[in-house]
Amino acid sequence: MSFVQNFPFFSIIIAMFSGIVSSVLSGKKARAVSITAITVTTVLSACVLAFCLRTGQSYTYMMGHFPAPWGNEIRAGVLEGLTAVLFGVVMFLSVVGGLHYTEEDVEPSKQNLFYIMIDLMLSSLLALIYTNDLFTAYVFVEINTIAGCGLIMMSQTGRSLTAAIRYMVMSSLGSGLFLIGLSLLYDVTGQLLMSPAKEAVARIVADGSYQIPLLVIVAVVSVGLAIKSGLFPFHYWIPDTYGYATPTASAVLSGLVSKGYIFLLIKFFYRVIGTENAVHSHIINALFVFGVAGMMFGSLRAIMQTDTRKMIAYSSVAQIGYIYMGIGLGTQAGMIAAIFHIFSHGATKALLFISCVGLYKASGDRTDFLALRGSGYRNRLAGAGFLIGALSMVGFPMLAGFISKLLFATSAFASPHKMLITLIALAVSTVLNAIYFLRLLIGLYRPTKSGSFAEMEQAEQSGRGGTAGSGFAAPAANPWTMRIAIVCFIILNLILGLFSQPIVRAITDGLAMFG
Amino acid sequence: MYDRLLAVPVFLPIVAGVALLAMNGWIRKEKRERTMQWLVEALVLVNSLLVAWLIAGCGGRSGSLVLFRLYGQLTVMFRMDRMGSFFAGLVAFLWPLATLYAFEYMEHDERRPAFFAFYTISYGVTLGVALAGNLVTMYVFYEMLTFATFPLVMHPMTTEAARATRQYLYYSIGGAAFAFIGLVTVLAYSAIGTTGFVPGGMIDPAAAAEHRNLLLFVYVLAFFGFGVKAAVFPLHDWLPKAAVAPTPVTALLHAVAVVKSGAFAVLRFTYFSFGTEILRGTWAQWIVMAAALVTITYASTMAVKEVHFKRRLAYSTISNLSYILFGASMMSPLGLAAALIHLLAHAFMKISAFFCAGAVMHHTGKNYIYELDGMGYRMPVTFACFTISSLSLMGIPLFAGFISKWSLCEAALSLGSEMSGGAGGAVGQVLPYIGVAVILYSALMTGIYMLSVVVRAYFPGFVQQVKEAVAGGSARKAAAVGAEAGITAAGAGAAAVIGAAHGQNDVGIKKEGNQDPSWLMLLPLVIFAVAIVAVGIHAGPVLRFLALIGGEAG
């Protein structure tokens, strides 16, 4: 056994322990520990990815010398490694980008708590990615929920508290359903490890026994994870949650956490139920329908918003819809598109959240459209970040969003009945995205009411120098951490848009290893 | 070497524009705007010469250059074939002149560097559309064109401009989204595995037979998708609104570069991707043809109603763009050639008409037609050029507009006789003939909306006289005045044009001094007027070249 094979386990443990250690550290030190942990786990995941790419196969890693049916297992392949790396990068940039604002928004005495939550979040995400055991998955789903709740509450305004409670209730419902699904599965198959469970399910399907319980299992697990990831009819917790949390928390929650659950669902389909059975169960068609509905509804609601944070949050509802639409196509190509969109949306949405903060800071901490007028001049870099993010969302060629759109569209041709719906849904959704993102974008580059350019320039100068201009409190120059984060996010978007081929190939290989 | 240079004319202006944007603050602070402008002009000129050299070097062989791979079979690739070189040549001819015009027009503007930056970027992007060697590249540049030009619409930064920009963006991106469906469908059913342009189309015939209705539906979607930029009927509304932009933008982008990119994209998509084989005689053809005809009728009627000078010209643009689309929808070699000749003729006519409108707006601040009384004497050269472009737009022989309208009618009639056997169903038998009638109707409307400007400019008393006569209740008297004025108009109009061009005012109007703009504006105007007449008198070479394109792709 190669030493690299230990890395998935190491990275989960490192993240977990840094959370535990942080509880006795000061805010600053907790921050350092957290950032180090994210960096280290990302590097470790990159090693795992490289290892799997070289060997060309996945491996299972036995925890604590107990063999298959009893012990706990970790499994790593190309897809797991890739997901872990990209999640790590997005998380790192989100934390670094929001660093300055976390310090402002969170009480000094609770700073370390914030980073504990980040650590726990990281460890649970990694565990969801790597684990081969359904019950372990459940445990980390719960850890994830609690960490998410903590992150939302951190800004400690009234609204963030209600948002956290709403999130808690919905998430608990989701985890509850997931747990019921697991119990039923355990009843029917007697297994909780994914690979043996899959064999058992195959036997059941061959027998023709337990057909209905199996259907219920698929349904309950899908619905549970759909609630947790905020698929359309269960999305009510999203706007408040993403809207009122601190920037880092918003970026992490929308960019990664909901995606972690979707990744788990994909794993459940591939590694436990088997894709053919999932397709036959028609649950997948329901996911397709709700995905398409979510794309439309999320965007329509986003158009109605006047607060940017809520607008971006509703846009997340729409983007989750895209992913479920891809899963719902029920083909390999659709799944690849969905997974690619997990990455591209993660990178884009986090970029939007982080660069928006820069715009808010340049507009006296207000987040409505009117106040943001002309802020693209007051904070150039944040404006550029938002521009790239918005263009990617609209599917501008050479950015990540375009490749997603392309993959969805081309994969639609493999499923004749859903083809036209998918294509038209993509087109309509693009128009809707354009409406709300570009409306805001135009606002960003419009001068404030008086329409004087001298004023705009003054604001621009003050954005650089630090003197007051245009009635807003002096927008401090961007903290360097945020600059790095925005620039890196833009580069990440371009990489996903221009060099997508190797990534898509890795996803394809990874899915093949899943089977 | 030659092939590798293909990317240069596309990216040189883009890079220069971006550099200009980056140096924006420095240029303005140091008051280097004058120098900056001449550098921009030099760059645009060099770029145009480069394009001309590339076209000359092309000489029928089509070099190609693959830049990079977007994804899988989707490459960004440039190719200089006949049709691409035609559009590229047109754009390269117009751009330096329009830039020159913009110098004077924008002289009092606060944000010149930004304006010229985006103006120059648009040049490169438009060339990208022209030189695109496959559908993906064209789609990429089509999208980029939207984003390169919206800051120009937004340039006045008023509420009206912001509203127009929003609408422009929504329409354009929406159009691109539906064109995207066409793109992936072509990719999925391509016979060559890529989206490269092949004269006559490259859809796999087997797939075409199997998924016939689906493909036709997708074609209609993509036609309207690309047609958004060409302002086809239900999606035309952004164009008159976008007239809020500075005139160099309206004239060059919203009469030529952007809108013709839309028409060009439709032509490319129809003749080089889908192929006319699949489309000829189907319901899809009649739908798109009907859309073009409705647009022509609607827009030329609306232009009569509109009293804002630039918006009237914008409506005229809408109707003329649909002439091109009408040619495109014929799915025949003649139709393609006719569409392209109208693309060329309309470019000269409309850009000069807009430049006149801009010159009037810039020097006198007059925006509405009813303010133009007697302007023909105050700005003689400007209005002489305007008259030429009006006559050409109407389709009077000796001017370019006549050639293109004649070609269109000829193509429509030939299509009509081809379809008379019943190949295209009942609709197919009549629609081409309706098309000819619509062109005649539109010519009448063009006469009304363009000549009413000319008449006001040269016979300031005339409108008043008619009005008084009508108010006096005597229809006969009104008619008499009209007839009398009509007769004198014929003679005096010509005299006025000639006289005015010499700067003399012997018709008896109070002389208010010559308000013609400086040579920066006049030079482009005169060149365009000469071009209109030149094409009108000696269209042979152009027509032969276009017949070649029609022959290979139709």
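Let's start with how chain B is divided: domain 1 covers 1-177 + 243-268, and domain 2 covers 282-554. Please keep in mind that this is a predicted model.

How many residues does each domain give to the contact between them? Domain 1 of chain B gives 25 residues, and domain 2 of chain B gives 31 residues. On the domain 1 side, helix 4 (82-105) and helix 11 (247-274) of chain B each supply at least two residues. If you sort that side of domain 1 by class, you get 19 nonpolar, 3 polar and 3 charged residues.

Staying in chain B, have a look at helix 15 (residues 333-364) and helix 17 (residues 380-394). These two helices of chain B pack at an angle of about 145°, and their axes are 9 Å apart. Their crossing is left-handed. Who meets whom here? From helix 15 of chain B come B:Met349, B:Ser352, B:Ala353, B:Cys356, B:Ala359 and B:Val360. From helix 17 of chain B, the partners include B:Phe383, B:Cys385, B:Phe386 and B:Leu393. By class, this contact has 9 nonpolar and 4 polar residues, with no charged residues.

Now over to chain A. You can find 22 helices and 2 strands in chain A. Along its principal axes, the C-alpha trace of chain A spans about 80 × 55 × 45 Å. Here is a nice check for anyone new to this: for 515 residues, a compact globule would have a radius of gyration near 24 Å, and chain A, with 22 Å, agrees with that.

Let's follow helix 19 of chain A for a while, beginning with its neighbour helix 18. Helix 18 and helix 19 of chain A pack at an angle of about 160°, with axes 8 Å apart. Angles over 145 degrees count as roughly antiparallel, so helix 18 of chain A and helix 19 of chain A are roughly antiparallel to each other. Helix 18 of chain A passes helix 19 of chain A in a left-handed crossing. In helix 18, A:Lys405, A:Phe408, A:Ala409 and A:Ala412 take part, and they meet helix 19 residues including A:Lys418, A:Met419 and A:Leu423. By class, that contact holds 6 nonpolar, 1 polar and 2 charged residues.

The next partner is helix 17 (residues 380-394) of chain A. Helix 17 packs against helix 19 of chain A at about 165°, with the axes 9 Å apart. That makes this pair of helices in chain A roughly antiparallel as well. The way helix 17 of chain A passes helix 19 of chain A is again a left-handed crossing. Among the helix 17 residues in this contact are A:Phe386, A:Leu387 and A:Met393, while helix 19 brings residues including A:Asn433, A:Phe437 and A:Leu441. This contact of helix 17 with helix 19 of chain A has 10 nonpolar and 3 polar residues, and no charged residues.

Finally, let's bring the two chains together. The contact takes 23 residues from chain A and 25 residues from chain B. On the chain A side, helix 18 (400-412), helix 19 (416-444) and helix 22 (500-514) each supply at least two residues. Which helix of chain A gives the most to the side that touches chain B? Our friend helix 19 of chain A does, with 9 residues. That side of chain A divides into 16 nonpolar, 5 polar and 2 charged residues.

So if you take one helix away from today's talk, try helix 19 of chain A: you can trace its packing with helix 18, its packing with helix 17, and its share of the side that touches chain B. Thanks for listening!

Methods. Residues are numbered from 1 along each chain as its sequence is written. Chains are lettered from A and ligands numbered from 1 in the order in which they are written. This is a predicted model: local features need pLDDT of at least 70, side-chain atom pairs count only at pLDDT 80 or more; totals for chains, interfaces and linings use all residues. Two residues are in contact if their C-beta atoms, placed from the backbone, lie within 7 Å. Helices (H or I, at least four residues) and strands (E, at least two) are DSSP runs, numbered from the N terminus. Ala, Val, Leu, Ile, Met, Phe, Trp, Tyr, Cys and Pro count as nonpolar, Asp, Glu, Lys and Arg as charged, and the others, Gly among them, as polar. Axes are lines fitted to C-alpha atoms, for helices over the stretch in contact, and angles run from 0 to 180 degrees between N-to-C directions. Angles under 35 degrees count as roughly parallel, over 145 as roughly antiparallel, 65 to 115 as roughly perpendicular and the rest as oblique. A crossing is left-handed if the near helix is turned anticlockwise from the far one by less than a right angle, and right-handed if clockwise. Domain bounds come from an automatic or database domain assignment. The radius of gyration is taken over C-alpha atoms; the globule rule is 2.2 Å times the number of residues to the power 0.38.
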